[in-house]
Amino acid sequence: MQSKKWLIFAIITTVSWGFWGALTAVFADESIPSTVVYSIWAVTMIIPCIVALKLIDWKLETDKRSIWLGCWIGFLGSGGQMLLFYAVTVGPGYLIFPIVSLSPVITIALSLGLLKERTGLLGGIGIVLAMLALPLFEYSPAGEEHSYGILWFLLALGVMAAWGVQAFCMKLSNHHMSAESIFFYMTVTAVALIPVAYLMTDRSVQVDYSFSMLFETASVQILNAIGALCLVYAFRYGKAIVVSPLTNAGAPLLSTVLTIVLLDVIPNNVKIAGIIIATIAALILALEPEEKPVNSTMEGRTGE
């Protein structure tokens, strides 16, 4: 059973993130501002954070480097979440999540440029496929019935960039601080940005703050927090080269499929090709081996 712990945690992460992404896109409603959804998500992070800290007997790294790295990772993750929640209100979730899954391109590029690491054949192929896939998502043939404009595409690229940089920062912190400490600082920064989200909320929209709305939204958003915590332990008990493809490529693919099914939409052939190529690219990038094994880190989102 011990040897299968990583698989259990990885499956929980994949399924919870997959359903979280799909349900977030399906229930996106302009009458519920994305900033409100963000605030609810940030609060749900507190529950798994308490669990994580309890598991390490509240032994939190509090040196300056840990605080700086942890907060930077947190702000990137939270900023990406804020962009994502807005993106799914103005664009199609079944196209947004495959783009977000390509965030390892940013991580690899930063590793090549700043750490002077070298990528292998898999990394090169993944980057090329990602570059081929991205233009296909924004393509809309003349006369297409549903045109979402370009804002959603730019927002999706923003999320991809934020989470790609976040993963790079996590990589730098791998051997300095525990995954639980990273999760704590991610939670702190997420909650700290709630006032910013409140100030950004459109006051002209009458928001339903009923218990049922808050409970329904929180029930969806806590799936993200649970998945993030389970990912910590998936990496702790398993190998990154196995865990990463399952979570980084599997979750967005599940979100995409579920969104298409739940919304009953069929993308045009060009966008279907983009989804397929992006999924293959995400899988290849996730399979790209690390220079050193990852034992206790969070790779992905909290956000990725």
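**Exercise 1. Determine which residues I99 touches beyond its neighbours within four places in sequence.**

Solution. Step one is to fix the criterion: contact means heavy atoms within 4.5 Å. In this predicted model, local features need pLDDT of at least 70 and side-chain atom pairs count only at pLDDT 80 or more, whereas totals for chains, interfaces and linings use all residues. Residues are numbered from 1 along each chain as its sequence is written, and side-chain values use heavy atoms, with hydrogens and water left out. Step two is to set aside the neighbours within four places in sequence, after which I99 is in contact with L134, F137, W152, F153, A156, L157 and M160.

**Exercise 2. Describe the nonpolar cores, and state which residues have the most contacts inside the largest one.**

Solution. Begin with the term: a nonpolar core is a set of buried Ala, Val, Leu, Ile, Met, Phe, Trp, Tyr and Cys residues joined through side-chain atoms within 4.5 Å. Here buried means under 20% relative accessible area, exposed over 50%, and partly exposed in between, with a 1.4 Å probe and protein chains only. The largest such core has 66 residues, and those with the most contacts inside it are Y38, L84, I96, I99, L102 and F137. Its largest share, ten residues, is contributed by helix α11 (residues 211–237). A second core, separate from this one, has nine residues, including C169, M170, I182 and Y185.

**Exercise 3. Count the helices and strands of the protein, and establish how many residues of α5 are buried.**

Solution. Helices (H or I, at least four residues) and strands (E, at least two) are DSSP runs, numbered from the N terminus. By that rule the protein has 13 helices and zero strands. Of its 304 residues, 50% count as buried. Turning to helix α5 (residues 93–100), eight of its eight residues are buried, namely G93, Y94, L95, I96, F97, P98, I99 and V100.

**Exercise 4. Characterise how α2 packs against α4 and against α11.**

Solution. Axes are lines fitted to C-alpha atoms, for helices over the stretch in contact, and angles run from 0 to 180 degrees between N-to-C directions. The axes of α2 (residues 34–44) and α4 (residues 64–90) come within 8 Å and cross at roughly 135 degrees. That angle makes α2 oblique to α4, since angles under 35 degrees count as roughly parallel, over 145 as roughly antiparallel, 65 to 115 as roughly perpendicular and the rest as oblique. The crossing of α2 and α4 is right-handed, a term for the near helix being turned clockwise from the far one by less than a right angle. On the side of α2, S34, V37, Y38 and W41 meet S78, Q81, M82, F85 and Y86 of α4.

For the second pair, the axes of α2 and α11 come within 8 Å and cross at roughly 55 degrees, and α2 and α11 are therefore oblique to each other. This crossing, too, is right-handed. The contact involves V37, I40, W41 and T44 of α2, together with L214, T217, A218, Q221, I222, N224 and A225 of α11.

**Exercise 5. Locate D57 and W58, and decide for each whether the residue is buried or exposed.**

Solution. D57 lies in the loop between α3 (46–55) and α4, and has a positive phi of about 55 degrees although it is not a glycine. With a relative accessible area of 54%, D57 is exposed. W58 is placed in the loop between α3 and α4, has a positive phi of about 60 degrees without being a glycine, and counts as exposed at 52% relative accessibility.
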